[in-house]
Amino acid sequence: MIATPDRTPLPRKFFDRPVLEVAPDLLGRILVRSTPDGPIALRLTEVEAYDGPNDPGSHAYRGRTARNDVMFGAPGHVYVYFTYGMWFCMNLVCGPEGRASAVLLRAGEIIEGAELARTRRLAARSDKELAKGPARLATALDVDRALNGTDACAAGDTPLRILTGTSVPSDQVRNGPRTGVSGDGGVHPWRYWVANDPTVSPYRAHVPRRRRS
């Protein structure tokens, strides 16, 4: 018998821990995006940890800026950034306030509101591909910079919140190199995913962008 996922919101203290503890513990949790057209719920299946000042791959490695300011705030808030001039990616801030760290949400299974997600992900060949990758996840959930700084632990109506869901047993959690991260930041095995889950994105090593002559 499959247990019904717990719909209790995750408390802020869940996120007020070291990022390498929070990241694998997010697998199996449920992210709910409230929209005017209805809710979309996603079960997290792949995440990636970024450890601020200890991590050359982190946006906060060189200190606080206007772009990464949310990462230095209270845990449980949403950090959204724009990349490659066309995509948004979504992170959840963790650790104590003032010390920037966050978990990138890389992939998940849409478990509610798939019809809404399909209208935003017309290129998806199946529902398994709706949120297979961080940019696809943000697109499917209609996440952009307007949601940067959202408190995912707030009570009442909020556009994004995290529910307890069903945690993944440790023997079903895998970890390995982060996808597409270059230099010293690329060596950390801080990408975590659910073993054999079809919604997990494929690993891709960093490929330097060619400069135009």
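In this predicted model, the largest nonpolar core comprises 43 residues, among which Phe-15, Leu-26, Leu-92, Leu-105 and Ile-110 touch the most other members. Strand β3, spanning residues 38-50, supplies the largest share of this core, with 5 residues. In soluble globular proteins, nonpolar side chains tend to be buried together. For Leu-105, when neighbours within four places in sequence are left aside, the contacts are Leu-26, Leu-31, Leu-44, Glu-46, Val-47, Met-90, Leu-92, Pro-134 and Leu-137. A second core, separate from the largest, contains 13 residues, including Tyr-50, Val-70, Met-71 and Tyr-79.

Strand β3 is also joined to β9 by 3 bridges, the two strands running antiparallel, and Glu-48 stands opposite Arg-191 of β9 in this pairing. Strand β9 (residues 191-194) is joined as well to strand β8 (residues 173-176), again in an antiparallel arrangement, through 4 bridges, and here Arg-191 is the bridge partner of Gly-176. Within β9, Arg-191 and Trp-193 point one way while Tyr-192 and Val-194 point the other way, yet all of these residues are buried.

A polar residue, Asn-91, is located in strand β5, which covers residues 87-93. With a relative accessible area of 4%, Asn-91 counts as buried because this value falls under the 20% cut-off. A polar atom of the Asn-91 side chain lies 3.5 Å from the backbone nitrogen of Leu-104. Leu-104 is also one of the residues in contact with Asn-91 once neighbours within four places in sequence are set aside, the others being His-77, Val-78, Tyr-79, Tyr-81, Ala-102 and Val-103.

Definitions and conventions:
Residues numbered from 1 in each chain as written. Predicted model: local features only at pLDDT ≥ 70, side-chain atom pairs only at ≥ 80, totals over all residues. Heavy atoms only, no water. Core = buried A, V, L, I, M, F, W, Y, C linked by side-chain atoms within 4.5 Å. Buried < 20%, exposed > 50% of the residue type's maximum accessible area, 1.4 Å probe, protein only. Contact = heavy atoms within 4.5 Å. Pairing = 2+ DSSP bridges. Polar contact = N/O pair within 3.5 Å; in protein donor to acceptor, adjacent residues only side chain to side chain.
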